[in-house]
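Hi,

Here is the structure I promised to pass along. Have a look at it first, and then read my notes below.

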Amino acid sequence: MNHLEPASQSRQQQIFTVTRLNSAVRMILEQDLGLVWLTGELSNLAMPSSGHWYFSLKDMSAQVRCAMFKGNNRRVPFRPQDGMQVLVQARVSLYEPRGDYQLIIESMQPAGDGMLALRFEELKRRLGAEGLFDEGRKRPLPREPRAVGLVTSATGAALHDMLTVLERRAPDLPVFIYPTQVQGSAATAQIVSAIMLANRRAEVDVLIVGRGGGSLEDLWCFNEEAVARAIAGSAIPVVSAVGHEVDVTISDFAADLRAPTPSAAAELVAPDRRTRAQRLEHLRQRLTQAMSRHQVAARHGFVLLQKRLDHQDPKRRLEQQSQRLDELDRRLQQHLRDRLHQGERRLASLAMRLQARSPEKRLAIGKRRHQLAEERLHALIAKRQDLARHRLAMLGARLDGISPLATLGRGYAIVRTPSGEVIRRASQVNAGQTLITTLAEGALRVRVDEVDNR
């Protein structure tokens, strides 16, 4: 088989290194599968001093290696042990140094709570696919509400907290309470009825639906589909305020706005005007300062780039070399003038000595010496001129050697993209791309048929 295969065939038969293959497989696993839910039994649990957890997750027929890094395992509310049944959410990945297929665990919970979590995720996915959670259907809260409705337990601490906040921030704001159970099997129907009652009466223009904190089972009525559809179908904007800040329910996604706590919901529907004005002023000041810093940084960067451009500009370097040549030419002309003056002075001295010796023989000898001296002088001048011209030619050749035009004249070319980017590596170009090739005389627009990155 011929090893010098055509370029198209060599592209089809790529040769991978082990490192590159493992990296490509890891990227395929992570991008195509994404996050998955998995339940199984913990085994071979290791908790080294680094804070990371390493273990296997197995069932009756198979097992898979897992890693849970300390940034995620800090949120696990229990101490895992070998043999424990858990539900995990994980990314399918590959440990490149060994080529081992593994799971990167994002969250972990006991299998009991896990079933509820699976129901939660399934309902969230299904309602989300229907567009029930789309941001485009959510409405803004009224800036100055006429009245506020509270759908919550009449005896819960959440009601007291919300009334306290509303009294403090907006004492003149009317509040209507639609009491309902917020826990247990009957709570779902009562919450739906309370929301529908508020819409029929139309006596408020914003609703807060929620309760205080509790376990996942305690809050489950707010994860029911009927409650989510009632909130999404409400003509009155709804704020979901269920549990504490870490608690997330389906109601939060269906509502027009989620509040971390019932007290925070009361603050959102009745914002304090003075606090809002202060915050706006603070944000204005921060924006002004940020714009000022950005402008200063931009000016500084522009000055640095301008200096670098001036320093590396070929035109500027040519100007400097031309100035250097002018200086050398001036010094050469001055040197020649000095030598000529020296010759003239010597000729004058010889003429004076000749005049001082009047015999014809001495005169003839003097004339001969004068003639020889003149010839030597002219020869020396010619030689000096030749040396100066040679040096000038060498300097000109050196100048041409660093000129981009001379490089182009030797058969080279400058290749750029239509946007002006200079091409230095084949990896910058894709097959089919059009490039501009600048020659010593003229330019060509060419199309790339093939790219060889070797």
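L21 sits in helix α2, and keep in mind that this is a predicted model. Is L21 buried or exposed? Neither label fits: L21 has a relative accessible area of 42%, and buried would need under 20% and exposed over 50%, so L21 counts as partly exposed. Together with F16 and V25, L21 makes a nonpolar surface patch of about 240 Å².

Now for the surroundings of that helix. Helix α2 covers residues 18-33 and lies across β1 and β4. Its direction is at about 140° to β4.

Both of those strands belong to a closed barrel of 5 strands, and the order is β1-β2-β3-β5-β4 with mixed pairing. On average, neighbouring strands of this sheet are turned by 55° against each other, direction ignored. How many bridges join β1 to β4? There are 7, and the two strands run antiparallel, with β1 spanning residues 35-46 and β4 spanning residues 85-95. One pair to find on your screen is W37, which stands opposite Q89 in β4.

Further along the chain, have a look at V446, which is in strand β13 (residues 443-447). V446 is partly exposed too, at 31% relative accessibility. Leaving out residues up to four places away in sequence, V446 touches Q433, T434, L435 and T437. Its C-alpha atom is 36 Å from that of T19, and the two residues are 427 apart along the chain.

Cheers

Technical notes:
Residues are numbered from 1 along each chain as its sequence is written. This is a predicted model: local features need pLDDT of at least 70, side-chain atom pairs count only at pLDDT 80 or more; totals for chains, interfaces and linings use all residues. Side-chain values use heavy atoms; hydrogens and water are left out. Two strands pair if DSSP finds at least two bridges between them. Helices (H or I, at least four residues) and strands (E, at least two) are DSSP runs, numbered from the N terminus. Axes are lines fitted to C-alpha atoms, for helices over the stretch in contact, and angles run from 0 to 180 degrees between N-to-C directions. Contact means heavy atoms within 4.5 Å. Patches are made of residues with over 30% relative accessible area and no salt bridge: like charges are joined within 9 Å, nonpolar side chains (Val, Leu, Ile, Met, Phe, Trp, Tyr) within 5 Å. Accessible areas come from the Shrake-Rupley method with a 1.4 Å probe; for residues, only the protein chains shown count as cover. A salt bridge is a side-chain nitrogen of Lys or Arg within 4 Å of a carboxyl oxygen of Asp or Glu. Buried means under 20% relative accessible area, exposed over 50%, partly exposed in between (1.4 Å probe, protein chains only).
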